[in-house]
Amino acid sequence: MKYIISILAVLSLSVVLCGQDAKPEAKPEAKPEIPEAQQDESIRNMRHISDVLIVYAGTRDDQFPEPVGVAGLEKIRHGLQIATLIAPFDKTSVPVKKDEVLTEKNTSYAYLGSGLSIGKGYDGGRITTPILIEKPWLRKDGKIAVVDMGGRINVKKLEAANCLEAVYKLRENNYPNEPYWVKLIASAKEIDKANGIQYREQ
């Protein structure tokens, strides 16, 4: 009997000691949110850029600028306010000089509309097709603002590390089998490459 009591005492002590050693699960750190004023300013920038893109398409047989990424934005440069190419939370991009050609280091935004068109059936894209996004790596909160072909702007929590991941996630539940996604994926890859982004392709 004394032996059994001793065993129970040892087990009880072990449980108490284990309980003392156990640490509460650490809560994941909250990602820093972009200040609302900065997000609003970035959205205004994107609205200005998308308005110029849509006007361009309206005068070019409904075709968006053909070059991928910043080269496409260079096509509409005459209609842009250069300051709108950089988001207020972007600490890495630098304003382009007057006599220089735009490069990816001069903008916070990724132009994805190359090869897309408005009003020619769905082969060239739908109004929900993304044409301009904030570069995902510039934000730490997992969100990006997205402009679609219809000119609407939404802030989406995609948790994307690069443009390719963002496009894959934007394709979900958005007519994912349509052929224009091939162009969007190719554009995203080219923009990532131009920005020095490396990844394992999905």
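**Group meeting: core, helix 4 and pocket**

Let me open with one residue. Asn-173 counts as exposed, at 80% relative accessibility. Asn-173 is not a glycine, yet its phi is positive, about 60 degrees. Where is Asn-173 found? In the loop between helix 4 and helix 5. Keep in mind that this is a predicted model.

A second residue goes on the list. Asp-61 is not a glycine either, and its phi is positive, near 60 degrees. Asp-61 sits in the loop between helix 2 and helix 3. Buried or exposed? Asp-61 is exposed, with a relative accessible area of 54%.

Now the overall layout. The protein chain has 5 helices and 4 strands. From the N terminus, the order is α-α-α-β-β-β-β-α-α. The chain has 202 residues, and 42% of them count as buried. Take the contacts between residues at least 6 apart in sequence: 59% join residues at least 24 apart.

On to the core. The largest nonpolar core has 46 residues. Which have the most contacts inside it? Ile-49, Phe-64, Ile-76, Ile-131, Leu-132 and Ile-133. Several elements each supply at least two residues of this core. Among the helices, these are helix 2 (36-58), helix 3 (70-75), helix 4 (163-171) and helix 5 (180-194). Strand 1 (109-111), strand 2 (130-134) and strand 3 (143-148) do so as well.

Look at Ile-131 in particular. Set aside its neighbours within four places in sequence. Ile-131 is then in contact with Leu-53 and Phe-64. Ile-131 also contacts Ala-110, Tyr-111, Leu-112, Gly-113 and Leu-116. Val-147, Asp-148 and Met-149 complete that list of contacts.

Next, helix 4. Its buried residues are Cys-163, Leu-164, Ala-166, Val-167, Tyr-168 and Leu-170. What covers them? The cover includes strand 1, strand 2, strand 3, strand 4 (153-157) and helix 5. Asn-162 caps the N-terminal end of helix 4. A side-chain oxygen of Asn-162 lies 3.2 Å from the backbone nitrogen of Leu-164. After helix 4 comes Asn-173, our opening residue, with its positive phi.

Last, the largest pocket. Its volume is about 170 Å³. Thr-128, Thr-129, Pro-130, Val-146, Asp-148 and Arg-152 line the pocket. So do Asn-154, Lys-156, Leu-170, Glu-172 and Asn-174. Strand 3 and strand 4 each give at least two residues to this lining. By class, the lining has 3 nonpolar, 4 polar and 4 charged residues.

Two residues turn up twice in this talk. Leu-170 is buried in helix 4, and Leu-170 lines the largest pocket. Asp-148 touches Ile-131, and Asp-148 is part of the pocket lining.

Note on methods:
Residues numbered from 1 in each chain as written. Predicted model: local features only at pLDDT ≥ 70, side-chain atom pairs only at ≥ 80, totals over all residues. Heavy atoms only, no water. Core = buried A, V, L, I, M, F, W, Y, C linked by side-chain atoms within 4.5 Å. Buried < 20%, exposed > 50% of the residue type's maximum accessible area, 1.4 Å probe, protein only. Contact = heavy atoms within 4.5 Å. Polar contact = N/O pair within 3.5 Å; in protein donor to acceptor, adjacent residues only side chain to side chain. 1 Å grid on protein atoms, 1.4 Å probe; cavity = no way out; pocket = protein on both sides within 12 Å on 5 of 7 lines; lining within 4 Å. Points joined across faces, edges and corners; volume = space filled by probe spheres on them. Nonpolar A, V, L, I, M, F, W, Y, C, P; charged D, E, K, R; others polar.
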